[in-house]
Amino acid sequence: MAPPNDPISSIFSPLISSKKDNAFELVGGKLSVKNVPLLSEIPTNVTFKSFSAVCPSSSGAPAPLFQRAQSLSNYGGFLGFSQKESSDRLTNSLGKFFEREFVSIFRFKTWWSTQWVGSTGSDIQMETQWVMLNVPEINSYVVVIPIVEGKFRSALFPGKDGHMLVAAESGSSHVKASSFGAIAYVHVSENPYTLMKDAYTAVRVHLNTFKLIEEKAAPPLVNKFGWCTWDAFYLTVEPAGIWNGVKEFSDGGFSPRFLIIDDGWQSINIDGQDPNEDAKNLVLGGTQMTARLHRFDECEKFRKYKGGSMTGPNAPSFDPKKPKLLISKAIEIEVAEKACDKALQSGVTDLSKYEVQIKKLNKELDEMFGGGGNDDEKGSSGKGCSSCSCKSENSGMKAFTKDLRTNFKGLDDIYVWHALAGAWGGVKPGATHLNAKIVPCKLSPGLDGTMTDLAVVKILEGSIGLVDPDQAEDFYDSMHSYLSKVGITGVKVDVIHTLEYVSENYGGRVELGKAYYKGLSKSLDKNFNGTGLISSMQQCNDFFLLGTEQISMGRVGDDFWFQDPNGDPMGVYWLQGVHMIHCAYNSMWMGQIIQPDWDMFQSDHCSAKFHAGSRAICGGPVYVSDSLGGHDFELLKKLVFNDGTIPKCIHFALPTRDCLFKNPLFDGKTILKIWNFNKVQLIFSSLISSTSINLPLFLFFKLSG
């Protein structure tokens, strides 16, 4: 069955330990499991050690959890290797396999991972986070999990002639090693779902750098309905738009119980502009990715909000059509810029016609905003909190959150977005009391082989304003303590996996990650009741093995795409299937550590029912990113109770066993099916295949009563 999201006792039930021979044996270059050959032609420098040999004591893990891991110790163990020369990145074969089904998760971008299947070690993708092998000879499954050892993290890679490689890297040329005793963990079980639970339990006990979901409380919003501002406004988000958006839900009978104010609320500016002014007229994601945080409080759009203004006789007018018009114009600019780039790459030397067009479109966008910004905030500084609007009860974010809660009863939580480094481009040096430095970014060899990504291109272009890791705790507390004072109850922390770009002079990616995650966790505990955080763009083992001691919820899929970014009218349907694949298969490992979040969707989207069906049984929160005037309240009635709570399933949804080793997106025949439990039923959903999308089917099997 799926690993439970129930209290700590669910995994701490005592088990009787019995000493048995280990199921794995490494002899003569072959790794066998219960006498069945699994990997062959294993180099002589590879070692296997039992769990008990590596973890003779609890290493700080709770005694009942250690006892559980020990009781299963004969089903798992650690792989290591040694080489003659020390290096900051070492690659070694773990052996080869052929004609054996596997399912795996690999990183296709810096921050996002997805499912892949195959039958040989050479079929594995770069930056694979784990691989599960089907062993029908003994009716069992084996998982191989690359982990962290010392200052190195590891991932799996394809090799030649069926070999599976492990690569261990520090992320710094100053941090080198030549041998590892436990760089990957292997485990066997007859049940693929308990396999993942048992394997990650063993890794948790061994590393003691993270906690399983059963050890942590999930955010209260996990059982509720909410609204996120991103797809409704992008970076144009502002108080009047949010107010009218919440009001539309309330008028429709669906008052959100939580609100996420996404990217667009922060005080950011771009290098070369006035260092004390916010960047103006930003619309689409991408335009803000080289900007840096220069104040800890909200940007001018929110600072100038006056308490009670939305309910008074002179409430500011708001055109619900304006956000979409701004977005459409910004897309025109983006298309023109891409055309210019394409012309340049093809050898065109006279780009004047493109430049004229881009200038014209930017002028039109500026006029739509009202002709530039005002100068009300010139000369203000983000240093300390002396200029923050938390000083005033009747203006800024504090007044706005108060008005929202006063007028829309039941709005329990208001979260805001921020990047792990503060903003996409980090923190502006000299703008705050923190020691921030512009650090050039560099991709690891593994990431160099992943998909081209606008966000990565922009971050590499602008570098990151990195706060010294010794100040990480101060950094997050400075942001979060302010936010908690002005009525914010949590944060969506995005763009998490950028630290590996800038770890060269900070002890490597593991040490830099530890410092930042420790600071973030302490601030979460202090300012947001220990639970008020949604992690995003974090789908790499560094984060899960080092950063989740406190964090208990995170995204398990790429973003919801309401349209195809390349303009393909049919691509939008395929992208919804991609989203389901991400979420279902990623939950197999992420769900052991965090509460899976399947992301928002839009209730009036062409695939809205498809998304609604998956959210109904995903076991997490249900939230939408509807534009103003774009709601399907009849659909929402099927997902949300009148009080804004949801009929949440007990566990988290997972792919059914018959499609574990299939590829529903590409094989042309497999239907993705996911399952979960509510209090009385097994819920089964048939969602997608590569040839039939947008056709949800639900079957309910009553278990008792």
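This passage walks through a predicted model of one protein chain, from its overall make-up to some of its strands and residues.

The protein chain holds 16 helices and 30 strands. Of its 705 residues, 61% count as buried. The accessible surface of the chain comes to about 26600 Å², and carbon and sulfur atoms account for 52% of that area. Contacts also link parts of the chain that are far apart in sequence: among those between residues at least 6 apart, 76% join residues at least 24 apart.

A small example of strand pairing is a good place to start. An open sheet is formed by 3 strands in the order β1-β2-β3, with antiparallel pairing. Its edge strands are β1 (24-27) and β3 (36-39), each of which pairs on one side only. From one strand to the next, the twist averages 35 degrees. Strand β1 is joined to β2 (residues 30-33) by 4 bridges, and leucine 26 stands opposite leucine 31 in β2.

Further along, strand β5 (residues 76-87) pairs with two strands described here. With strand β4 (residues 46-50), the pairing is antiparallel over 5 bridges, and valine 46 has phenylalanine 81 in β5 as its bridge partner. With strand β14 (residues 177-189), β5 shares 7 bridges, again in the antiparallel sense. In that pair, serine 87 is matched with alanine 177 of β14.

Strand β13 (residues 163-169) gives a clear picture of burial. In this strand, 7 of the 7 residues are buried, so β13 is largely enclosed by the rest of the structure. In a regular strand, side chains alternate between the two faces of the sheet. In β13, His163, Leu165, Ala167 and Glu169 point one way, while Met164, Val166 and Ala168 point the other way, and all are buried. The strand pairs antiparallel with β6 (residues 89-96) over 6 bridges, where threonine 91 stands opposite alanine 167. Strand β12 (residues 152-158) is likewise antiparallel to β13, over 6 bridges, and arginine 153 has glutamate 169 as its bridge partner. The hairpin of β12 and β13 has 4 residues between the strands, and aspartate 161 in this hairpin takes a positive phi near 55 degrees.

Nonpolar side chains tend to be buried together in soluble globular proteins. Here, the largest nonpolar core contains 182 residues, of which Trp130, Trp227, Ile261 and Tyr516 touch the most other members. Beyond its neighbours within four places in sequence, tyrosine 516 is in contact with Leu420, Leu466, Val467, Pro469, Ala472, Phe475, Tyr476 and Leu499. A second, separate core of 35 residues includes Leu39, Phe97, Val166 and Ile183.

Two individual residues complete the picture. Glutamine 266 lies in strand β17 (residues 266-269) and counts as buried because its relative accessible area is 6%, under the 20% cut-off. Its side chain reaches the backbone oxygen of glycine 422 at 3.0 Å. Apart from residues up to four places away in sequence, glutamine 266 touches Leu293, Cys299, Trp417, His418, Gly422 and Ala423. Tyrosine 415, in strand β19 (residues 413-419), is also buried, with a relative accessible area of 1%. The C-alpha atoms of tyrosine 415 and leucine 533 are separated by 8.2 Å, although these residues are 118 apart along the chain.

Technical notes:
Residues numbered from 1 in each chain as written. Predicted model: local features only at pLDDT ≥ 70, side-chain atom pairs only at ≥ 80, totals over all residues. Heavy atoms only, no water. Pairing = 2+ DSSP bridges. Axes fitted to C-alpha atoms, helices over the stretch in contact; angles between N-to-C directions. Buried < 20%, exposed > 50% of the residue type's maximum accessible area, 1.4 Å probe, protein only. Polar contact = N/O pair within 3.5 Å; in protein donor to acceptor, adjacent residues only side chain to side chain. Contact = heavy atoms within 4.5 Å. Core = buried A, V, L, I, M, F, W, Y, C linked by side-chain atoms within 4.5 Å. Areas by Shrake-Rupley, 256 points an atom, 1.4 Å probe, with all protein chains shown as cover.
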